[in-house]
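Please walk through this model with me, chain by chain and then residue by residue, keeping in mind how far a prediction can be read.

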Amino acid sequence: MLDVHNLSKAFGGLQVTRNVSFKLEQGERRVILGPNGAGKTTLFNLLVGELKPTAGDILVGGTSISGMSVSQRSRMGLSRSYQKNNLFEDLTVRENLTLAAAAAQGKIAWLVKDSFRDRGVKEAVEEAAELVSLTDLLDTPVKAASYGNRRQLEVGIALATRPKLLLMDEPTSGVGPSMIEGFHRLLKSLPEELTVLIIEHDMDLAFDVADRITVLNFGEVVFEGTPDETRGNPVVRDIYLGDWQQDA
Amino acid sequence: MFHQTPTRSIVLVFALVALALYAIYGGYFAREIVVEIAILAILAISIDVVAGFGGMVSLCHGAIMGVSAYTYGILTAKLGYPALPSAVAAIGAAAVFGTVVGWITARTTGIYFIMATLAFGQMAYTVIFKSRWLGGDDGMGGLPRFDFDWAGIAMNKSLPFALYALLLVLLCYVAAAWVMRSAFGRTLCGIHSNEPRMRAIGVSTIIHRARAMGFSGLLAGVAGIIAGQHIQYISPELLFWTVSGEALIVVILGGLGTLIGPMIGAIAFVLLKHELSGYTDHWHIVVGLVLIATVLAGGRGLYGQIEHWMTRRKARGAAQNA
C-alpha cells in the first residue's frame, strides 16, 4: 500500500529525516512513536507533499508519488489530520466536512449545481460526522465549538474525503481522558480496509490499536516491530519509554 | 458561504425597479446616471466575486473591462464585424485575459496579489496607451450599439439603452449569485477560508483561483461592452488602475461578499458624486468620510450593516420569545 524508501530531508545543515524506510500493508494500523523533535511531523509533511524530500522515494500502490503536488496526492487517497487544528474557521462544522467530501468526490467546479445539496456529498458528510461523533453539532459554527469538538472535526475533515490512507498527527493532543477514549473507539470503528498511520503520544491508545510500531529518534527509524516487541526492546525503553515509565 | 436570502432578492428587485422608474421619468440626465450606475455595479459585482468570496483583491479589473471594450472596438469600428458576435468575442477575450492574469497571480496572496494584478493592469493600459493603431491616448470612436430595430427598440435613444444596461445588471447578478451558490463558489469560499487545507483535501487551488478570475473577467467584460456602447467612444483611461480602485471602494462601501452590496454601493457612490459635485469639487472627501465610517463600523458596508442589524434584531426577538 505505502512504501517509503530511504526518505531524507535536510533543512540546510540540519538533517531532520534520515534514510527512513518502511512499508504499510493495506488495512494496517501503524503507530509512529518518538520523542519531541524526532521528525514525526516532518515525515508526515513529506508523505503528503507539503515538504519536498532531499532524497528517497514514496510509493503508493506501486506508483511513485514523489513528483505529485499536495492536492494530487490527496486525490490518490492520502488524507491527513493535523497536530494543530487546521480548520475552516469562519464556517460551520457541516460546511467544513462538506468542503472535504465535495473536494474528494471532484465536485468542486460545477457552475450550476450546488455541491452542498449533492446526495453523494451529503452521505460522506453524515458518515464522517457519525465516525467522529459530531452529528448533533453539524450546524455549529467552528468558532463556537469546544476545543475537543474541533479536534474531532480535524479528523472528521480527513475522513470525509474517504481516504485509502489516513495519516493522523497526534489526534488526541491536548484533549482530556474521556475524549481520548472517544478517539480509541473511533480508531476501532474505522473501516478495516483503511490503512492508518498515526503519530500518538498516548501509550495505552498506541499499544492497543497498533498492528506494528515504528520508533523514530533524531530523524532515524531506530526500531520497528509489534507492540509486544516494542515493550520489551531495550533501545526503545532507553530513548523513549524509559522516561515515560519513570513518570508513571 | 453565499446565500441568496429573500431580503437580498427583495432589495435587488426594489433597486432595479427604482432605477428603471428613475430612468423612465427622470429625463436624459437621469438615464446617463443609470447607465453609469449599471457599468459600475457590474464591475463591482465582478470584483466582489474574486475579492469578497475568493479573498483576491484585484486592481486589474478596470483593465479587464478595458480589454473587453477595446476588443469590441477593434472588431466593430476597426474591422467592421457585426456588433452582437463582436460583443460575445470581446466578453470571451476579457474572460481569457482574467484567467491568464489569475493563473499567474494566483501563486501569490495578500499584498503581493494586489501588486501583481496592479502590474498586469498597468501593462495592458500602457500597451493600449502607446498603440497608434488603437488611437493611443486619443482613444477610439465609432463603437456601435446593438441594432434591435427589428424588435422595434431604438437602442440609440437614451431610455432603451438605460433599460438594456439595467437588464444586463440583473443578468450579471443572477449569474454571479448562481455560480457563488454552486460547487464553484463553495470551493472558492473554502480557498478564501483556508487555502492550505483545501490543497490537502485535493483541490488544485491555483487552477481554481484562475478560473474564478476568468469568471469574474467575464462579468467585467459585460461592463466593458456597456461602457463602449454608452458614449460609443473608449479611451485608455478605462484601463487605468484607479478605475479598479474606485470599483473596489464601491464594493467595500456596499458590503464585501454579498453581491447585492456592490450594487447598493454603486448607486450610493454615483448619486453622492452627482449630488455633491453640484456644491463642491471636493466630493471625494465626503465619499472618503462615508467609507471610513463604514469600515470603522465593522467593515460590513452599507448593505452588510443593515443585514447585520436585521439578524441581530431577529436573534434578540428569538431570545425574548424563548
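Is B:Ala44 buried or exposed? The model is a predicted one, and in it B:Ala44 counts as buried because its relative accessibility is 0%, where the cut-off for a buried residue is a relative accessible area under 20%. B:Ala44 lies in helix 2 of chain B, which covers residues 27–53. Leaving aside residues up to four places away in sequence, B:Ala44 touches B:Ala247, B:Val250, B:Val251 and B:Pro262. A further distance can be given for B:Ala44, since its C-alpha atom and that of B:Gln305 are 18 Å apart in space, with the two positions 261 residues apart in sequence.

From this residue the view can be widened to the chain that holds it. The secondary structure of chain B comes to 13 helices and two strands. For a chain of 322 residues, a compact globule would have a radius of gyration near 20 Å, and chain B has 20 Å, so the value agrees with that expectation. Along the principal axes, the C-alpha atoms of chain B fill a box of roughly 65 × 50 × 40 Å. Buried residues make up 52% of the 322 residues in chain B, and of the contacts between residues at least 6 apart in sequence, 77% join residues at least 24 apart. The surface that chain B exposes is about 13,800 Å², with carbon and sulfur atoms supplying 69% of it. As for charge, chain B has 20 positive and 13 negative side chains, and the centres of these two sets lie 15 Å apart.

One backbone detail of chain B deserves a look. B:Gln232 has a positive phi of about 55° although it is not a glycine, and its place is the loop between helix 9 (205–230) and strand 2 (233–234) of chain B. With a relative accessible area of 34%, B:Gln232 is partly exposed, whereas B:Ala44 is buried.

Chain A can be described in the same terms. It has nine helices and 10 strands, and the C-alpha atoms fill a box of roughly 60 × 40 × 35 Å along the principal axes. With 248 residues, a compact globule would have a radius of gyration near 18 Å, and because chain A has 18 Å, the two agree. Buried residues account for 54% of the 248 residues in chain A, while 65% of the contacts with a separation of 6 or more are between residues 24 or more positions apart. The accessible surface of chain A comes to about 11,000 Å², of which 49% belongs to carbon and sulfur atoms. Chain A carries 27 positive and 34 negative charges, and the mean positions of the two groups are 6 Å apart.

How confident is the prediction along chain A? The average pLDDT of chain A is 91, and 96% of the residues score at least 70. Among the elements of chain A, helix 3 (residues 93–104) has the highest mean pLDDT, at 97, and helix 9 (residues 234–247) the lowest, at 64. Over residues 244–248 of chain A the pLDDT is below 50, and beyond near neighbours in sequence this stretch has two contacts in the model. Where pLDDT is low, the predicted coordinates should not be read in detail.

Three residues of chain A complete the tour. A:Asn45 has its place in helix 1 (residues 40–48) of chain A, and it is buried, with a relative accessible area of 16%. Not counting residues up to four places away in sequence, A:Asn45 touches A:Glu50, A:Leu51 and A:Arg80.

A:Phe183 lies in helix 6 of chain A, and its relative accessible area of 3% makes it buried. Apart from residues up to four places away in sequence, A:Phe183 touches A:Arg151, A:Gln152, A:Val155, A:Pro171 and A:Thr172. For one of these partners, A:Arg151, which is 32 residues away along the chain, the separation between C-alpha atoms is 9.9 Å.

The loop between strand 7 (165–169) and helix 6 (177–189) of chain A contains A:Glu170. Phi of A:Glu170 is near 45°, a positive value in a residue other than glycine, and A:Glu170 is buried, with a relative accessible area of 9%.

Technical notes: Residues are numbered from 1 along each chain as its sequence is written. Chains are lettered from A and ligands numbered from 1 in the order in which they are written. This is a predicted model: local features need pLDDT of at least 70, side-chain atom pairs count only at pLDDT 80 or more; totals for chains, interfaces and linings use all residues. Side-chain values use heavy atoms; hydrogens and water are left out. pLDDT is the predictor's confidence in each residue, from 0 to 100. Helices (H or I, at least four residues) and strands (E, at least two) are DSSP runs, numbered from the N terminus. Contact means heavy atoms within 4.5 Å. The radius of gyration is taken over C-alpha atoms; the globule rule is 2.2 Å times the number of residues to the power 0.38. Buried means under 20% relative accessible area, exposed over 50%, partly exposed in between (1.4 Å probe, protein chains only). Accessible areas come from the Shrake-Rupley method with a 1.4 Å probe; for residues, only the protein chains shown count as cover. Lys and Arg count as positive and Asp and Glu as negative; His and the chain ends are not counted. The place of a charge is taken as NZ of Lys, CZ of Arg, CG of Asp or CD of Glu.
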